[in-house]
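Me: I would like to go through this model by question and answer, with the reasoning laid out before each result.

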Amino acid sequence: MKITAPRGTFDILPGDALRWHWLEAAVRRVFGYYGYQEIRTPVFEHTELFQRGIGETTDIVEKEMYTFTDKGERSLTLRPEGTAPVVRSYVEHKLYSKGGITKLFYMGPMFRQERPQAGRFRQFHQFGVELFGTESPLADAEVITVAVELYKELGLTGLEVLLNSIGCPACRGEYQKALLSRLTPLKEELCASCQQRLHKNPMRLLDCKNPRCRELTEDVPPVTDYLCSSCRGHLEQTLSSLDGVGIGYRLEPRLVRGFDYYTRTVFEVINTGLGAQNAVCGGGRYDHLVEECGGPPTPGVGFASGMERLLLTLEQQGKFAGFSSAPQVFLIALDEKLAADGFALATGFRREGIATGSCLEVKSLKAQLRAADKLQAEFVVILGEDEWKDGQVSVRRMADGKQWRVDREEVRQFIKDLLGREL
Ligand SMILES: [Zn+2]
Ligand SMILES: [Zn+2]
């Protein structure tokens with residue numbers, strides 16, 4: 001029986017790996033400009049971390065986690081998101097002990113047992129940033145700016161920032177009471193999951209996609225009407241800081257995000273270009289999560305961005321048309337006796353940092369040229385018996401067929417001089 005990759009997973013094949021490298025390099029570069037340092041946490045954690053960190057009432061914890069019991073009877077879970085593990089590590093290693101702010105980023109696979117659909121996977125990849133140690137609205141503005149600037153660097157177009165404040169525990173309580181008294185009489189008309197959420201986390205009803213639920217919640221007052229003065233001031237300063245760096249946004253009072261840990265700022269960056277409004281990233285402030293995970297009271301703010309959807313969008317926007325992993329040189333030996341010399345010459349190129357391919361088998365010139373062509377090599381270097389006796393090789397530029405005879409001692413320098421030169 002043929003064994004295939006599990007449902008909801010996929011292989012990144014060699015042709016696609018380049019896109020991932022390119023994206024990962026851009027993420028590291030841009031996050032580096034803003035002073036974020038990489039942190040790598042395990043792919044599995046104690047289940048309790050996500051129950052406490054993400055919140056029991058979220059879809060992720062209720063329905064989507066890959067949870068298993070190991071041979072030591074411990075309940076472990078493949079990480080469904082990156083923030084809780086980073087917070088756990090921040091607390092465990094007392095990264096707060098130096099004082100001041102700590103800026104971290106992560107990148108890697110996450111796991112959720114969702115129904116597979118286009119662009120959604122059970123093993124998927126995210127990168128994200130977490131900024132710990134300040135309540136300053138400049139931190140919220142910075143985190144949003146990092147995301148937007150990264151997408152700009154990638155060349156992504158058609159983006160919009162959606163932003164909301166869901167307040168602090170004090171003012172949010174008032175809002176939740178208001179929602180509850182308004183929606184409880186309508187309970188029977190809500191969808192099943194909203195009926196369940198109504199008493200646990202009524203704000204989650206605002207992001208239900210069910211059309212009837214949307215209708216019923218259509219004219220509830222926005223959460224921003226209920227903000228206390230310090231939450232209101234925080235929101236206003238976040239917005240004016242974004243104005244100051246020319247980052248556009250739209251206030252979206254229904255935006256609440258799916259995690260229980262958010263306080264004050266929540267935001268998404270959505271792609272408006274291609275029909276459906278897909279979020280390419282989401283995040284917000286979480287001023288109580290560190291404490292919730294056993295650390296000292298420490299405010300934080302961050303975002304996460306899904307990499308599959310980002311790559312898909314970039315592909316649809318034509319970003320990867322010119323991507324290639326073509327070797328610069330392809331080495332052809334025409335005679336069995338020259339095979340070892342060819343291997344040595346190829347190794348010499350590689351030691352000089354020139355990407356070099358070969359057949360590793362002596363075949364006809366035609367077959368080897370075809371192989372070079374298939375790989376889209378820029379040059380072929382041909383070892384023929386007579387030339388080799390004279391200490392020479394042939395160099396052919398594939399783009400225009402121009403050919404040279406070169407001393408074999410000088411061929412590496414000769415190729416280096418030609419590489420990257422316009423025809
Ligand atoms: Zn408040
Ligand atoms: Zn609903």
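The turns below take up cavities, pockets, salt bridges and surface residues in what is a predicted model.

Me: How many cavities of 30 Å³ or more does the structure hold, and about how much space lies in the largest cavity?
Reply: At a threshold of 30 Å³ or more, the structure holds one cavity. The space in the largest cavity comes to about 40 Å³.

Me: Which elements give two or more residues to the lining of the largest cavity?
Reply: The lining of the largest cavity is made up of T57, D59, E62, K63, S193, Q196 and R197. Two or more of the lining residues come from each of two elements, namely helix 3 (59–64) and helix 7 (192–200).

Me: How do the residues of the lining of the largest cavity divide into nonpolar, polar and charged?
Reply: Among the lining residues are D59, E62, K63 and R197, and Asp, Glu, Lys and Arg count as charged by the classes used here. By class, the lining therefore divides into no nonpolar, three polar and four charged residues.

Me: How far apart are the closest N and O atoms in the salt bridge that K63 forms with D59?
Reply: Both K63 and D59 lie in helix 3, and they are four residues apart, which is about one turn of the helix. A salt bridge here needs a side-chain nitrogen of Lys or Arg within 4 Å of a carboxyl oxygen of Asp or Glu. K63 forms a salt bridge with D59, and the closest N and O atoms are separated by 3.6 Å.

Me: Is K63 buried or exposed?
Reply: The class exposed applies over 50% relative accessible area. D59 has 23% relative accessibility and so counts as partly exposed. Because its relative accessible area is 54%, K63 is exposed.

Me: Is D70, which forms a salt bridge with R74, buried or exposed?
Reply: The closest N and O atoms of R74 and D70 are 3.1 Å apart in their salt bridge. R74 counts as partly exposed because its relative accessibility is 44%. For D70 the relative accessible area is 19%, and buried means under 20%, so D70 is buried.

Me: How many residues apart along the chain are R250 and E160?
Reply: R250 forms a salt bridge with E160, and the closest N and O atoms are 2.9 Å apart. The pair links distant parts of the chain, with R250 in strand 8 (residues 250–251) and E160 in strand 7 (residues 159–165), and the separation is 90 residues.

Me: Which class of accessibility applies to R250 and to E160?
Reply: The relative accessible area of R250 is 32%, so R250 is partly exposed. E160 has a relative accessibility of 24%, so E160 likewise counts as partly exposed.

Me: Which residues are linked with R28 in a network of salt bridges?
Reply: The structure holds 30 salt bridges. Side chains of opposite charge can pair when their charged atoms come close. In one network of salt bridges, R28 is linked with E38 and R40.

Me: Which element gives the most to the lining of the second largest pocket?
Reply: The second largest pocket holds about 430 Å³ of space. Two or more lining residues come from each of helix 2 (47–53), helix 6 (169–183) and helix 10 (289–292). With three residues, the element that gives the most is helix 6.

Me: How does the lining of the second largest pocket divide by class?
Reply: The second largest pocket is lined by 23 residues, and those nearest its centre are R172, F259, D260, Y261 and Y262. By class, the lining has nine nonpolar, seven polar and seven charged residues.

Me: Which residues make a nonpolar surface patch of about 240 Å²?
Reply: V43 is found in the loop between strand 1 (37–38) and strand 2 (44–46). V43 counts as partly exposed because its relative accessibility is 33%. The patch of about 240 Å² is made by V43, F44 and F68.

Me: What separates the C-alpha atoms of Y33 and V146?
Reply: Y33 has its place in helix 1 (residues 14–33), and with 58% relative accessibility Y33 counts as exposed. Y33 and V146 are 113 residues apart along the chain, and their C-alpha atoms are separated by 9.2 Å.

Note on methods: Residues are numbered from 1 along each chain as its sequence is written. Chains are lettered from A and ligands numbered from 1 in the order in which they are written. This is a predicted model: local features need pLDDT of at least 70, side-chain atom pairs count only at pLDDT 80 or more; totals for chains, interfaces and linings use all residues. Side-chain values use heavy atoms; hydrogens and water are left out. Patches are made of residues with over 30% relative accessible area and no salt bridge: like charges are joined within 9 Å, nonpolar side chains (Val, Leu, Ile, Met, Phe, Trp, Tyr) within 5 Å. Accessible areas come from the Shrake-Rupley method with a 1.4 Å probe; for residues, only the protein chains shown count as cover. Buried means under 20% relative accessible area, exposed over 50%, partly exposed in between (1.4 Å probe, protein chains only). On a 1 Å grid over the protein atoms alone, a cavity is a set of points where a 1.4 Å probe fits but cannot get out, and a pocket is an open set with protein on both sides within 12 Å along at least five of seven lines; lining residues have an atom within 4 Å of a point. Grid points are joined across faces, edges and corners, and a volume is the space filled by probe spheres set on the points.
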